[in-house]
Amino acid sequence: MVMILLIKNRLKRVLSTVNAWGIKRPWIVIIIGFVFLLSGCGPDLCSNELLFENASPDKSYILTSFERNCGATTPYVRVLSLRVEKEGFYPDKYDDWIFTLHGPKNIKIEWNSNNSLIVYYPPNEDIPTKVEKWRNVNISYVVDGNL
C-alpha cells in the first residue's frame with residue numbers, strides 16, 4: 001500500500017512538471033519514459049550467475065563467487081564478494097566485492113583461518129578490483145598458471 005502511494009505521488013509530481021512545460025498530453029510523456037526504462041536505458045539490468053560459496057572455518061563469513069553479465073557491450077566479470085554469515089547475498093553491494101576479473105576465468109580460494117583468505121587466479125592483466133583487507137579479513141593473492 002505504501003509503495004502504491006509513493007508511485008501515485010511521484011506520478012502527480014511528474015504530471016505537474018509536464019503540465020508546466022505546456023505539453024497537452026502528459027500521459028504520452030510518461031508512457032515514453034516507461035518504454036525507455038524497460039528497453040534497457042534504466043537501472044541495472046545485469047544478470048548474476050552464482051558459481052560457488054565457501055564459508056570461513058568458524059562460519060562467520062561467506063565468500064561468494066559469481067559471474068556478472070551486463071550485456072553485449074561489456075565483458076563478463078568474475079566477482080568474489082564477502083559478507084557476514086547473517087546477511088543475505090546482494091550482488092550489487094559493491095562494498096563487499098573483494099576481487100574482480102574480466103572474462104570467464106577460474107578462481108580458487110582457500111581459508112587459512114577465520115580471518116585469512118588466499119585467492120588463486122590465472123595470469124591476467126585485467127583485474128579491476130583487488131582488496132587486501134575487508135573488515136577484519138586479510139586477503140592475499142597468488143597467480144596460478146594452472147587455472
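Buried residues make up 29% of the 147 residues in the protein. The model is predicted. Colour the chain by accessibility, then follow the stops below.

**Whole chain**

Show the surface. The protein exposes about 9700 Å², and 58% of that area comes from carbon and sulfur atoms. Switch to cartoon. There are 2 helices and 9 strands. Read from the N terminus, the order is α-α-β-β-β-β-β-β-β-β-β. Turn on contacts with a separation of 6 or more: 39% of them join residues 24 or more positions apart.

**The open sheet**

Select β1, β2, β3, β4 and β7. These 5 strands form an open sheet in the order β1-β2-β3-β4-β7, with antiparallel pairing. Which strands are at the edges? They are β1 (47-55) and β7 (129-130), each pairing on one side only.

Start at the β1 edge. β1 and β2 run antiparallel and are joined by 8 bridges. Pick Leu50 and look across to β2: Phe66 stands opposite. Now go to the hairpin of these two strands, which has 5 residues between them. Select Lys59 there; its phi is positive, near 65°.

Move on to β2 itself, residues 61-69. How many of its 9 residues are buried? The count is 8, so this strand is mostly covered, given that buried means under 20% relative accessible area.

Next, step from β2 to β3. They pair over 8 bridges, again in the antiparallel sense. Tyr61 is a useful marker, with Val84 opposite in β3.

Finish at the other edge. Strand β4 (residues 97-102) and β7 run antiparallel, and 2 bridges join them. Select Phe99 to find one partner: Lys130 in β7.

**Arg83**

Return to β3 (residues 77-84) and select Arg83. Is Arg83 buried or exposed? Arg83 has a relative accessible area of 11%, so it counts as buried, the cut-off being under 20%.

Show the side chain and its polar partners. One is the side chain of Thr64, in a polar contact at 2.6 Å. Another is a backbone atom: the oxygen of Glu87 lies 3.1 Å from a polar atom of the Arg83 side chain.

Now widen the selection to what touches Arg83, leaving aside neighbours within four places in sequence. The contacts are Glu53, Ser60, Tyr61, Ile62, Thr64, Gly88, Phe89, Asp96 and Trp134. Tyr61, the marker opposite Val84, is thus in this list too.

**Aromatic rings**

Hide everything but Phe, Tyr and Trp. The structure holds 7 aromatic pairs. Zoom in on Tyr94 and Trp97. Their ring centres are 4.8 Å apart and the planes meet at 70°, so this pair is edge-to-face. The edge-to-face class needs an angle over 60 degrees.

Compare how the two partners are covered. Trp97 is buried, with a relative accessible area of 12%. Tyr94 is partly exposed at 46% relative accessibility.

Which residues join these two in a cluster? Add Phe66 and Phe89: ring pairs link them with Tyr94 and Trp97. Both additions have appeared on this tour. Phe66 stands opposite Leu50, and Phe89 is among the contacts of Arg83.

**Last stop: a charge over a ring**

Select Lys108 and Tyr120. Lys108 lies over the face of Tyr120, at 5.2 Å from the ring centre.

Note on methods
Residues are numbered from 1 along each chain as its sequence is written. This is a predicted model: local features need pLDDT of at least 70, side-chain atom pairs count only at pLDDT 80 or more; totals for chains, interfaces and linings use all residues. Side-chain values use heavy atoms; hydrogens and water are left out. Helices (H or I, at least four residues) and strands (E, at least two) are DSSP runs, numbered from the N terminus. Buried means under 20% relative accessible area, exposed over 50%, partly exposed in between (1.4 Å probe, protein chains only). A polar contact is a pair of N or O atoms within 3.5 Å; within protein, one must be able to donate a hydrogen and the other to accept it, and residues adjacent in sequence count only if both atoms are side-chain atoms. Contact means heavy atoms within 4.5 Å. Rings of Phe, Tyr and Trp (its six-membered ring) pair if their centres lie within 6.5 Å; planes under 30 degrees apart count as stacked, over 60 as edge-to-face and the rest as tilted. A charge sits over a ring if NZ of Lys or CZ of Arg is within 6 Å of the ring centre and within 35 degrees of the ring normal. Accessible areas come from the Shrake-Rupley method with a 1.4 Å probe; for residues, only the protein chains shown count as cover. Two strands pair if DSSP finds at least two bridges between them.
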